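Dear colleague,

Please find below the structure I promised to hand over. A short account of what was found in it follows.

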Amino acid sequence: MVAQVIDGKAFAANVRGQVGAHVAKLKEEQGITPGLAVVLVGEDPASQVYVRSKGKMTVEVGMNSYEHKLDVDTAEDVLLALIDKLNNDPAVHGILVQLPLPKHLNEDLVINSIDPAKDVDGFHISNVGLLGTGQKSMVPCTPLGCLMMLRDHHGSLSGLNAVVVGRSNIVGKPMAQLLLGDSCTVTIAHSRTKDLPDVVRAADIVVAAVGRPEMLPGDWIKEGATVIDVGINRIDAPEKGEGKTRLVGDVHYESAAAVAGAITPVPGGVGPMTIACLLANTLTACCRANGLAEPEGLTA
């Protein structure tokens, strides 16, 4: 068996297209333009790249992009004051504070100062609780993207056995909640799970989000299973030359692709979906704020 490759890059482009069409409709029919505010504290190189990319794509789908760049030594009360201002700005429908924050800032305090209705990352404790109890919430972008791709591939997920390898608050736990919401039988596994290979082999759906390069080999994968690889790890690639590196996932791609029914590559799988779902969440937040129908297929 050779697995079908789930092309996250193409899927994300389709999602952005749907968002853009809905934004154009909102502007024309309601005179409303969704707005996304991104706050960056400090000059972390990776964070700067992400923020630039988010800003570019926000504008491309017709939304307003508001970027707030603060010095690395910005005091916590200054950051909280900015968030309070954005919470009360009707032109801002989504607020994202780029993580990680400098060490002197309390991430939990900052995240939970965001209006839950504008928390397009889905990290606020209120959204965590709403998702966990099956109520309408803002859903973390990466798990939402995984769910969209799984629904597209399988149609119905009802009754399928799903194993999520990883228990982070950002991916593992919300992913499990979303799969439960679609009536999967869900196991959350992790690096300390006993008989982890056997647990993974029982799964119709494997979501790998443990943060260890190529931890899951092909002989852990059930024949015909769907593998969603959330991991993005940079490893040495001496075959490319001295000092060269390459990106790999948490799954050993070549061996897993030989037995899986479908698999996401790294790069080009889950990664592009994260920003696409951030835009979808901003659109959803805008529609909810204005009492309008949510866009179909772009929320959980």
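I begin with D236, which is exposed, with a relative accessible area of 62%. Please note that this is a predicted model. D236 belongs to strand β9, which covers residues 233-236. Leaving out residues up to four places away in sequence, D236 touches K244 and T245. A further residue to consider here is L247: eleven residues separate D236 and L247 in sequence, and their C-alpha atoms are 8.9 Å apart in space.

T264 offers a contrasting case, as T264 is buried, with a relative accessible area of 0%. T264 lies in the loop between β11 (262-263) and α10. Its side chain reaches the backbone nitrogen of D229 at 2.8 Å. When neighbours within four places in sequence are set aside, the residues in contact with T264 are I6, M149, V227, I228, D229, Y253, G269 and V270.

I turn next to helix α2, residues 45-60. Helix α2 comprises 16 residues and spans 23 Å from its first C-alpha to its last, close to the 22 Å expected at 1.5 Å a residue. Which residues of α2 are buried? They are S47, V51, K54, G55 and T58. These residues cover an arc of only 100° around the axis, and therefore lie on the same side of α2. An α-helix has 3.6 residues a turn, so residues three or four places apart point the same way. On the other side of α2, the exposed residues are P45, R52, K56 and E60.

The buried residues of α2 pack against three strands, β2 (35-41), β3 (64-70) and β4 (94-97), and against helix α10 (271-289). Both ends of α2 also deserve a remark. At its start, a side-chain oxygen of D44 comes to within 3.3 Å of the backbone nitrogen of A46. Just after α2, G62 adopts a positive phi of about 95°.

Finally, helix α10 also meets helix α6 (residues 141-154): the axes of α6 and α10 come within 8 Å and cross at roughly 100°. Because of this crossing angle, α6 is roughly perpendicular to α10. On the α6 side, the contact is made by C141, T142, L144, G145, M148 and M149. On the α10 side, M273, T274, C277, L278 and N281 take part. M149 of α6 is also one of the residues in contact with T264.

With kind regards

Terms used:
Residues numbered from 1 in each chain as written. Predicted model: local features only at pLDDT ≥ 70, side-chain atom pairs only at ≥ 80, totals over all residues. Heavy atoms only, no water. Helix = DSSP H or I, 4+ residues; strand = E, 2+ residues; numbered from the N terminus. Expected span 1.5 Å × (residues − 1). Buried < 20%, exposed > 50% of the residue type's maximum accessible area, 1.4 Å probe, protein only. Arc of directions from axis to C-beta. Contact = heavy atoms within 4.5 Å. Polar contact = N/O pair within 3.5 Å; in protein donor to acceptor, adjacent residues only side chain to side chain. Axes fitted to C-alpha atoms, helices over the stretch in contact; angles between N-to-C directions. Parallel < 35°, antiparallel > 145°, perpendicular 65-115°, else oblique.
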